[in-house]
Amino acid sequence: MRVGGMASKGQRVGLLLLTILLSSHLVCGTHLRFGAIDWRIPDLNKPTEVHFHLYEAIRSTLFSYMYLNVGVDPEGQICPEQTQCRRFSLWNGRFQYNDGDSPTAAPDYYTFHYDGSTPRDLSATQTRTYSDGSSISAGLQNWYMTERVLIKNYAAAQQQLGSYSTCCRQYQGVRNVVNGEDFILKSVVMLQHVTGAGVRQNPHCSAFPIFAVRFDANNPPTSVLNLNQLCSTPHDSALEFSFTSLTDSGLRQNGDVWNTYTRPIINVATGLMTWTPSADGYYAVQFTATDDYGNTNVLDIVFDVNTNAAGSSPYFVEIRDSIDATYTATSTTAIFNPTAQVVSIGQSIQLSVWAHSPTGSLTGIQYVWPYTSRTTASHTCTGTTQFCDLQFSYTPALGDTSRNLCLQVTSTVGSYVGAPNDPSNSLTFCIPITVMERDYIYISGYIRDFRKANNEELTTGMWFDTSSAGGEISNF
């Protein structure tokens, strides 16, 4: 639904420059390489109470510095079991609420990693040397995905802002980042469209912190990333994507201002990013997704341009709607566009997603999925077979929205970077999970005993048995 009299999406994104953002810079590091801020309003009777979900990925070698203890997150929305919930420091940055002209900081610095989801990347186990002789250590390639839920009741139903800023971006081994660049995430909240239009969330984004991109110096291929697979909203079927400005990202050389390397190109009409890299290595990029109402989100990710040989990388070959421990896939035909899987609130969905490795053995299947507390998932990849599957089970709750389950398979040869002969050389493999709300009709009333009494004739009513324990109805 379009709203008359609204400014263009580009003009609305420009309003970010007018917002006030507080940030602190106590310690410089090189630890962050992914981020997004989802928000939603779970209760339309509270149209100014916003629930933010802050996602970020920290490099695994900082575990001992940032890990605090094990415990359940305060809002209880991430970790269902204390033993599986790791509590991390947000370094020196704090989440900020821009309530009108008075920015305030969230009360703590903590974020959480749930062991059962978005597992640490174990595929990079040694120092990697680029074609020009520069290198990146294994510790800088691995990561932990963390999440934090923050709740803010804004004073007015107007444009607001949720943001996070800290120092610093990972620069070691990342070609377009220099030491000391800030890591900034911003999400515009247009509360004036909650009542009436019913817009209760921004574009929700999820992705792997590091995307593999195929590279061949002799014959550079063009890779395609469909941003619509990473960000979506039920309130707009045509999101607009752009590279985030320096002010709003802290990234000086974002995708549209690279000075040395071939830059990626975004097709605003389709949401497709195409890229023919000119050199291998790591590159940081931040996108902004904007819906028709001016709500925004960002997706800050890293691209790993590598020389994995075409035809040797693992890929997905089959999706089953049940989990069978005795079944093993035999197909080697790649799945390019998986069909949407539908599940109703209160019911469950089970998927078995099979992968194949034409060369080497499969070592793992990683996934990105927001509803961790209502999901169980594990893979059967042992590093000794050419076939294995991710066993995924999810039971949606009221308020859950349709999202994409994105997966990546790793092997002893490399990571998934597009199936063999895939004409689009796609960088992602995502399965749409469509969550449906079921309509219920509630009937209130009572059951009357129409049995004969005092020689009265039974003329109408319901037959029921009162002789069994509790008087349960046995027949209508």
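## Strands, core and enclosed spaces

Strand β18 and strand β19, the latter spanning residues 272-275, are paired in the antiparallel sense over three bridges, and within this pairing I266 stands opposite M273 of β19. The structure described here is a predicted model. The two strands belong to an open sheet of three strands, whose order is β15-β19-β18 and whose pairing is antiparallel. Because β15 (223-226) and β18 (265-267) stand at the edges and each has a single partner strand, one side of each is left without a neighbour in the sheet. From one strand to the next, the twist of this sheet averages 25 degrees.

A second set of pairings centres on strand β4, which covers residues 85-89. Four of its five residues are buried, so β4 is largely enclosed by the rest of the structure. On the side of strand β3 (residues 67-70), three bridges join it to β4 in an antiparallel arrangement, with N69 standing opposite R87 of β4. Strand β7 (residues 110-114) is likewise antiparallel to β4 and is joined to it by five bridges, and here C85 stands opposite Y114 of β7.

The pairings described so far that have a stated bridge count are set out below, each with a pair of residues that stand opposite one another.

| Paired strands | Bridges | Opposite residues |
|---|---|---|
| β18 and β19 | three bridges | I266 and M273 |
| β3 and β4 | three bridges | N69 and R87 |
| β4 and β7 | five bridges | C85 and Y114 |

In soluble globular proteins, nonpolar side chains tend to be buried together. In this model the largest nonpolar core has 46 residues, of which L225, L230, F287, L299, I301 and F303 touch the most other members. The elements that give two or more residues to this core are β1 (32-40), β2 (49-59), β10 (143-153), β14 (210-214), β17 (240-243), β19, β20 (281-290) and β21 (296-306). Among these, β20 gives the most, with six residues.

Turning to empty space, a search of the whole structure finds four cavities of 30 Å³ or more. The second largest cavity holds about 60 Å³ of space, and its lining is made up of F208, F211, L230, C406, L407, Q408, Y416, L427, T428, F429 and C430. Two elements, β28 (403-411) and β29 (429-436), give two or more residues to that lining, and the largest share, three residues, comes from β28. By class, the lining of the second largest cavity divides into nine nonpolar residues, two polar residues and no charged residues. L230 is named both in the lining of this cavity and among the residues of the largest nonpolar core that touch the most other members.

The second largest pocket contains about 380 Å³ of space. It is lined by 19 residues, and those closest to its centre are R200, G399, D400, T401 and E437. The lining of this pocket comprises six nonpolar, eight polar and five charged residues, whereas that of the second largest cavity has no charged residues.

Which residues does a cis peptide bond join? The bond lies between C167 and C168, and its omega is about 20 degrees. C168 has its place in the loop between β11 (159-167) and β12 (182-190).

Conventions: Residues are numbered from 1 along each chain as its sequence is written. This is a predicted model: local features need pLDDT of at least 70, side-chain atom pairs count only at pLDDT 80 or more; totals for chains, interfaces and linings use all residues. Side-chain values use heavy atoms; hydrogens and water are left out. Two strands pair if DSSP finds at least two bridges between them. Axes are lines fitted to C-alpha atoms, for helices over the stretch in contact, and angles run from 0 to 180 degrees between N-to-C directions. On a 1 Å grid over the protein atoms alone, a cavity is a set of points where a 1.4 Å probe fits but cannot get out, and a pocket is an open set with protein on both sides within 12 Å along at least five of seven lines; lining residues have an atom within 4 Å of a point. Grid points are joined across faces, edges and corners, and a volume is the space filled by probe spheres set on the points. Ala, Val, Leu, Ile, Met, Phe, Trp, Tyr, Cys and Pro count as nonpolar, Asp, Glu, Lys and Arg as charged, and the others, Gly among them, as polar. Buried means under 20% relative accessible area, exposed over 50%, partly exposed in between (1.4 Å probe, protein chains only). A nonpolar core is a set of buried Ala, Val, Leu, Ile, Met, Phe, Trp, Tyr and Cys residues joined through side-chain atoms within 4.5 Å.
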